Amino acid sequence: MRRAGLGEGGSGSYTASGYSVYEEENEHLQEGLRAKVNALKSLSIDIGTEVKYQNKMLDDMDTDFDSTGGLLGATIGRVKQLSRGSQTKLLCYMLLFCFFVFFVLYWFIKLR
């Protein structure tokens, strides 16, 4: 016994071929989606790697700034100690000399 519509020339073959077209299209779209997901995955991995690298650089910069801040604080403390002593004139002359040297360097660079 044959069922209606499932014969070789009947309307069932048209329906079956329509489903296979949809299946092929779905597989094609699935492959496209898989490629996009893989691209997003690799992009997110690259972003994660870059974030880790940037965090490491920021930690290194933080350490450098802390050590520079300590050095600068110690230097300022020494300058304050010098200004409280009897060598105030010497400190003023030294600061004026530094300003003069910076002015001469600025003027020299500006002329070049």
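## A tour of a two-helix predicted chain

Begin with the whole chain selected: of its 112 residues, 2% count as buried. What is on screen is a predicted model, and its secondary structure comes to 2 helices and 0 strands. If you add a surface representation, the chain exposes about 10800 Å², with carbon and sulfur atoms supplying 65% of that area.

**First stop: helix α1**

Select residues 11-84, which make up helix α1, and show the side chains of Glu31 and Arg34, which meet in a salt bridge at 2.5 Å, taken from N to O. Side chains of opposite charge can pair when their charged atoms come close. Why are these two placed to reach each other along the helix? Arg34 and Glu31 are 3 residues apart in α1, so about one helical turn separates them. An α-helix has 3.6 residues a turn, so residues three or four places apart point the same way. Colouring by accessibility will show Arg34 as partly exposed, with a relative accessible area of 40%, and Glu31 likewise falls in the partly exposed class, at 46%.

Move next along α1 to Lys56 and Asp60, whose side chains also meet in a salt bridge, here at 3.4 Å from N to O. These residues are 4 apart in the helix, which again places about one helical turn between Lys56 and Asp60. Is Lys56 buried or exposed? At 52% relative accessibility Lys56 counts as exposed, the cut-off for that class being over 50%, whereas Asp60, at 38%, counts as partly exposed. With this pair the list of such contacts is complete, as the structure holds 2 salt bridges.

**Second stop: helix α2**

Now select residues 88-111, the helix α2. From its first C-alpha to its last, this helix of 24 residues reaches 35 Å, close to the 34 Å expected at 1.5 Å a residue. Helix α2 is hardly covered, since the count of buried residues among its 24 residues is 1.

Narrow the selection to residues 90-109, which an unreviewed UniProt entry lists under "transmembrane region". In the model this stretch is 100% helix and 0% strand, and its end C-alpha atoms lie 28 Å apart.

Which residues form the nonpolar patch on the surface? Select Phe97, Phe100, Val101, Phe102, Phe103, Val104, Leu105, Trp107, Phe108, Ile109 and Leu111, which together have about 1200 Å² of accessible area. Among them, Trp107 is a convenient residue to centre on, and it is found in helix α2.

**Last stop: the cysteines**

Finally, pick out Cys92, which is partly exposed at 42% relative accessibility, and then Cys98, which is also partly exposed, with a relative accessible area of 34%. How many disulfides are there to draw? A disulfide is a covalent bond between the sulfur atoms of two cysteines. With sulfur atoms required to lie within 2.5 Å of each other, the count comes to 0 disulfides.

Technical notes. Residues are numbered from 1 along each chain as its sequence is written. This is a predicted model: local features need pLDDT of at least 70, side-chain atom pairs count only at pLDDT 80 or more; totals for chains, interfaces and linings use all residues. Side-chain values use heavy atoms; hydrogens and water are left out. UniProt positions are given in the numbering used here, feature names are shortened, and annotations may be inferred rather than shown by experiment. Buried means under 20% relative accessible area, exposed over 50%, partly exposed in between (1.4 Å probe, protein chains only). Accessible areas come from the Shrake-Rupley method with a 1.4 Å probe; for residues, only the protein chains shown count as cover. Patches are made of residues with over 30% relative accessible area and no salt bridge: like charges are joined within 9 Å, nonpolar side chains (Val, Leu, Ile, Met, Phe, Trp, Tyr) within 5 Å. A salt bridge is a side-chain nitrogen of Lys or Arg within 4 Å of a carboxyl oxygen of Asp or Glu. The expected span of a helix is 1.5 Å times one less than its number of residues.
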